[in-house]
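Here's a walk through a two-chain model, written for someone who likes backbone angles and contact counts. Have a look at the sequence and the coordinates before reading on.

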Amino acid sequence: MAVAGPAGDHAFDLDHAWDLSRTVVLRPERFGALAYDFRSRRLSMLKDPRLVEVVRRLAECASAREACLAAGVDDGRLPSFARALAALERSGMIHERAPS
Amino acid sequence: MTAIAAPAHPAPGRTLIGYLEAGLDAPICLTWELTYACNLACTHCLSSSGRRDPHELKTSECEAVIDELQRHKVFYVNIGGGEATVRPDFWHLLDYATSHDVGVKFSTNGSRITAAIAARLAASNYVDVQISLDGADAVVNDAIRGPGSYDTALAAMRYLSDAGFRGFKVSVVATRHNIDQLDEFKAIADRFDAQLRITRLRPSGRAVDVWDQLHPTSAQQRQLYAWLLARGEEVLTGDSFFHLAGFGAGLPGLNLCGAGRVVCLIDPVGDVYACPFAIHERFRAGNLRHDGGFIHVWRESELFRQLRSPRSGGACATCFQFDACRGGCPAAKFFTGLPLDGPDPECVRGLGEQALVAREPGGRPRPSQDHSHGRSATPDSPGDARRPCDAHPLSGAPSAASAGQR
């Protein structure tokens, strides 16, 4: 289990357009959501309802930053959301897409 | 379980583990034993399989279960048995599940995996395969799984590999006789571009009778822990070694007992149990045929309510290791005759061993059902109405290979 933390972080491009991978299904839970990738058979747990909201909005927003703002993430917390999104990128849950 | 993604400052309140321990509205995944029929007779079979039960769920009933799982977004099922592939409708149910957004991981002894089947399996994203193997050579493996079962498993791996199926699982139950073969198991998995999965031997099913002789010694537990810790996420464990967390750092995974909280078992006749290693009346939540369907049982069962309520820790509550091992595996305690609120029989501090020595003689519960070849009735309930069907063509079939423990 890869736990999102400072050690494994790399720069996440908040200004790029992102999307949930096509083979990933989200299941809402009281703590946030479960995410399962049918291709890699990896299960992830999104531990924060606001992070779930960000992930849901990725497809409709021009950038991850816009999705964060639309979900009500304030500037001070952007870095921590970027780290969480980076963890999802590493596990293949989200991927970059062409800007719409 | 894999990635947990969380912002650095998560919302206050319950922890993720707290939510999981309190139980989800639907399981994350579940084990579904489709049949008690098996062409093997592994000595440690967790479900005492052998002969088909005449009351096994019909095809239409299985489809209805899958429909329910789809509605509640249960991502995947671990299908086993028995040897699930001997069910004539197995391949149909596999297709039915995957076309209804329910992924399938099935355990098999490999005896029904042909080149054609392997090609078909390799073509689906939604299907994963676990080949059971309990020794890295025929001598160690076949002593548990029966003559020829090693060759059968290896042949299936070759078929899958040749068909381009990457990352299927080689599933090993850790025993006293194969702990020294861990590197060889890894080499076998690597050779076929597969992933090694090592799980704990539980004293369930027929393993009730062999656990004392087969379970790893305390020195071997430490050896196993160190080996797994060094491999990290490279080797899967099904979260089954959380009782070893007391040795040091936790192994990858959630390190909690998910029974009745995030996982469960559906048996071939529709009985719902807390976990695959707890096929006993004590851990039976209900029956999906008679108690309003699967989700109703999952949500309303009194047993599951109890399993989701905070556990005191009992005799373990004051132990400094309790936060690490959480008291271990309830099924392992139950079937070794230990109290559920005391130490795991394989407690890293040796408290389980002491408890085993001190336990009352003859106090070990027997599994509630037994479909073994050559046994006439369940030990607890001779003449039970659900007695296995002696007339089934698979009854007494020559050995080839069973799913064993998962």
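Which residue takes a positive phi in the hairpin of β3(A) and β4(A)? That would be Arg41(A), with phi near 60 degrees, in a hairpin that has four residues between the strands.

Some housekeeping first. This is a predicted model, so local features need pLDDT of at least 70 and side-chain atom pairs count only at pLDDT 80 or more, while totals for chains, interfaces and linings use all residues. Residues are numbered from 1 along each chain as its sequence is written, and chains are lettered from A and ligands numbered from 1 in the order in which they are written.

**Chain A**

Chain A has three helices and five strands (DSSP runs numbered from the N terminus: H or I with at least four residues for a helix, E with at least two for a strand). Going along the sequence, the pattern reads β-β-β-β-α-α-α-β. The radius of gyration of chain A, taken over C-alpha atoms, is 12 Å, close to the 13 Å from the globule rule for 100 residues, so chain A is as compact as a globular protein of that length. That rule is 2.2 Å times the number of residues to the power 0.38. Along its principal axes, the C-alpha trace of chain A spans about 30 × 30 × 25 Å.

Back to that hairpin: β3 (residues 32–37) and β4 (residues 42–46) of chain A pair antiparallel over five bridges (pairing takes at least two DSSP bridges between the strands). Asp37(A) has Arg42(A) in β4(A) as its bridge partner.

Then there's helix α3 (residues 78–90) of chain A. At 1.5 Å a residue, its 13 residues should span 18 Å, and the end C-alpha atoms are indeed 18 Å apart; the expected span is 1.5 Å times one less than the number of residues. Its buried residues are Phe81(A), Arg83(A), Ala84(A), Leu85(A), Ala86(A), Ala87(A) and Leu88(A). Here, buried means 20 or more other C-beta atoms within 10 Å of the residue's own, exposed means 12 or fewer, and partly exposed is in between, with C-beta atoms placed from the backbone. After α3(A) comes Gly92(A), with a positive phi near 80 degrees.

How far can you trust chain A? Its mean pLDDT (the predictor's confidence in each residue, from 0 to 100) is 88, and 90% of its residues reach 70 or more. Over residues 1–9 of chain A, though, the pLDDT is below 50, and this stretch has 21 contacts in the model beyond near neighbours in sequence. A contact means that the C-beta atoms of two residues, placed from the backbone, lie within 7 Å.

**The chains side by side**

| Chain | Helices and strands | Buried residues | Contacts joining residues at least 24 apart, out of those at least 6 apart |
|---|---|---|---|
| A | three helices, five strands | 39% of 100 residues | 57% |
| B | 14 helices, ten strands | 54% of 406 residues | 72% |

**Chain B**

In chain B, nine strands form an open sheet with mixed pairing, in the order β7-β6-β5-β4-β3-β2-β8-β9-β10. β7 and β10 (284–287) of chain B stand at the edges with a single partner strand each, so one side of each is left without a neighbour in the sheet. Inside the sheet, β2 (residues 29–33) of chain B runs parallel to β3(B), joined by five bridges. Glu33(B) has Gly80(B) in β3(B) as its bridge partner.

Nonpolar side chains tend to be buried together in soluble globular proteins. The largest nonpolar core has 140 residues, and the members that touch the most others are Val77(B), Val104(B), Leu160(B), Val170(B), Tyr273(B) and Cys275(B). Such a core is a set of buried Ala, Val, Leu, Ile, Met, Phe, Trp, Tyr and Cys residues joined through C-beta atoms within 7 Å. Leaving out residues up to four places away in sequence, Cys275(B) touches Ala259(B), Val263(B), Cys264(B), Leu265(B) and Ala331(B).

Now for the backbone oddities. Most residues other than glycine have a negative phi, and most peptide bonds are trans. The bond from Gly81(B) to Gly82(B) is cis, with omega near 10 degrees, and Gly82(B) is in the loop between β3 (76–80) and α3 (90–98) of chain B. Asp193(B) has a positive phi near 55 degrees; its place is the loop between α7 (182–191) and β7 (195–200) of chain B. Arg326(B) also has a positive phi, near 55 degrees, in the loop between α12 (322–325) and α13 (330–335) of chain B. Asp193(B) is partly exposed, with 14 other C-beta atoms within 10 Å, whereas Arg326(B) is buried, with 21 C-beta neighbours inside 10 Å.
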